[in-house]
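Work through these short exercises with the structure open. Try each task before reading its solution.

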Amino acid sequence: MKKLYIETYGCQMNVNDSEVVFSILERAGYGRCTSIDEADVIMANTCSVRDNAEQRIWARIDAFNVHRSRRPGVLVGILGCMAERLKDELLDSGKVDIVAGPDSYRTLPSLLEAASLGTPQINVELSREETYGDIRPVRTDKNGVSAFISIMRGCNNVCSYCVVPYTRGAERSRDARTIVREACDCFAAGYREVTLLGQNVDSYRWKDVGFAELLDMVAAVSPLLRVRFATSNPQDISDDVVRTIAAHPNICRHIHLPVQSGSNRILEKMRRRYTREWYLDRVRFIRDLLPDCGLTTDVIAGFCSETLVDHKDTLDLFEEVGFDSAFMFCYSERPGTLAARKYPDDVPAAEKTRRLEEIIALQGRKSLESYRRDIGKSFEVLVEGPSKRNPAQLCGRNSANKMCVWTDSSHKAGDYVTVRVEDCTSATLLCSLE
Ligand code: SAH
Ligand code: SF4
Ligand code: F3S
């Protein structure tokens, strides 16, 4: 049996795609291996969302080529968004044997066979139908507790800064029956949490099933199976979805709601189809129905033409909402996007970094406030395994997605336990077993 090694970069959807690739190639006689030194095929499943993500992968390709030149017969494959975006440029580098875009994974067995005869292979065709709905992913998570399930692929929004619609193609939803079947499979295999994945989960639609109905169906698999999801677009998150969360104790109280900017002028240039007021109204609605709901976000600092006034709007919004945590980025121009074609990338790099650091500092304070408010409270958490820092402790998240750690020798991954928060940092609740 040949051995396949995959390094995965980018978002959770890529993690799940790599699991699909393992499954497809397992049937073609490739076993999964976790050591690059033993691999016959070395792959990277890549991300193009920011320039630094791509730079990191070019460096990995050079590292892969050390193996490729030392051990004749070793093949190097580039999968995912960067394969889709750079296409021939990757092939022409002479450093890779296979370039395969996100919708071409079913052809990997034949691409590998052809490449092994010495001619590099490429397939970057995008599809309007492919969802890999019938494929049972080979789970690669370490704990056997929490699994990703892709419910849709692609994206039909055209946020002006974003490369994803170009690398992932048009939006399509997966057959709801295969999603529920996969959730059942996970539960039967011992998993206790599934995260439903899509770039814009609220636009999920398969026949009569919208996202709220899908949540209902997956939540019904077992009361012991937690359900999470990402990502919600502020424009599209519906009242029904929030009500469905409220109706099921096993749908986690956490919504990742990327705001991107607090300035209406910038939001419009970003082609986000909501305003700051709409966003704040959604937050109010969520908190009215789900008072304990964790709220997290993404934000971009220094988008084209952003002034200090726009930046202050973002800071004010962060102050007002008080997110539990956030992913924060400097704007990175992506070739071919609307913003790259239409707007100069005119905020100097040093100024982008300065604004980003200001947001990070503010958010650090807000996170700490949020975690401190939990001191004295009790939460049910799902045990994920030993804590990274201290093997005598276990870790797991509460419903709101906050990481908890506590000393425990009597439970194991997959158990539900109740813990009491004694202290915290700005990213972890330090607890004791109740
Ligand atoms: N579909 C999700 C986002 C997917 S990309 C949504 O609409 O919210 C993940 C995050 O990367 C985005 O939320 C955004 O904050 C960031 N991002 C995307 N393109 C970027 C770019 N060109 N520069 C910097 N950050 C970017
Ligand atoms: Fe990109 Fe916007 Fe689609 Fe998210 S919704 S993936 S930011 S285009
Ligand atoms: Fe990156 Fe592609 Fe995901 S660009 S963020 S891996 S959809």
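Three exercises on this predicted model follow.

**Exercise 1. In which order do the six strands of the open sheet lie, and which strands stand at the edges?**

Solution.
- Start with the order: β2-β1-β3-β4-β5-β6, with parallel pairing.
- Then look at the ends. β2 (30-32) and β6 (121-123) each have a single partner strand, so one side of each is left without a neighbour in the sheet.
- Add the twist. From one strand to the next it averages 20°.
- Check one pair. β4 (residues 75-80) and β5 (residues 98-100) are joined in the parallel sense over three bridges. Here Gly 77 stands opposite Ile 98 in β5.
- Place the helices. α1 (residues 12-27) packs on the sheet and touches β1 (2-8), β2, β3 (41-46) and β4. The direction of α1 makes about 170° with that of β1. α5 (residues 108-115) lies across β2, β3, β4, β5 and β6, at about 160° to β5.

**Exercise 2. Which residues of helix α11 are buried?**

Solution.
- Locate the helix: α11 spans residues 276-289, 14 residues in total. Its reach from first C-alpha to last is 20 Å, close to the 20 Å expected.
- Apply the cut-off: buried means under 20% relative accessible area.
- List the hits: Arg 276, Tyr 279, Leu 280, Arg 282, Val 283, Phe 285 and Ile 286.
- Find the cover. It includes α9 (239-247), β14 (254-256), α10 (264-269), β15 (294-301) and α12 (308-321).

**Exercise 3. How do the residues of the shell around ligand 3 divide?**

Solution.
- Collect the residues: Cys 11, Asn 14, Thr 46, Cys 47, Ser 48, Val 49, Cys 81, Val 164, Arg 168 and Gln 199.
- Sort them: five are nonpolar, four polar and one charged.

Conventions: Residues numbered from 1 in each chain as written. Chains lettered and ligands numbered in written order. Predicted model: local features only at pLDDT ≥ 70, side-chain atom pairs only at ≥ 80, totals over all residues. Heavy atoms only, no water. Near = heavy atom within 4 Å. Nonpolar A, V, L, I, M, F, W, Y, C, P; charged D, E, K, R; others polar. Helix = DSSP H or I, 4+ residues; strand = E, 2+ residues; numbered from the N terminus. Expected span 1.5 Å × (residues − 1). Contact = heavy atoms within 4.5 Å. Pairing = 2+ DSSP bridges. Axes fitted to C-alpha atoms, helices over the stretch in contact; angles between N-to-C directions.
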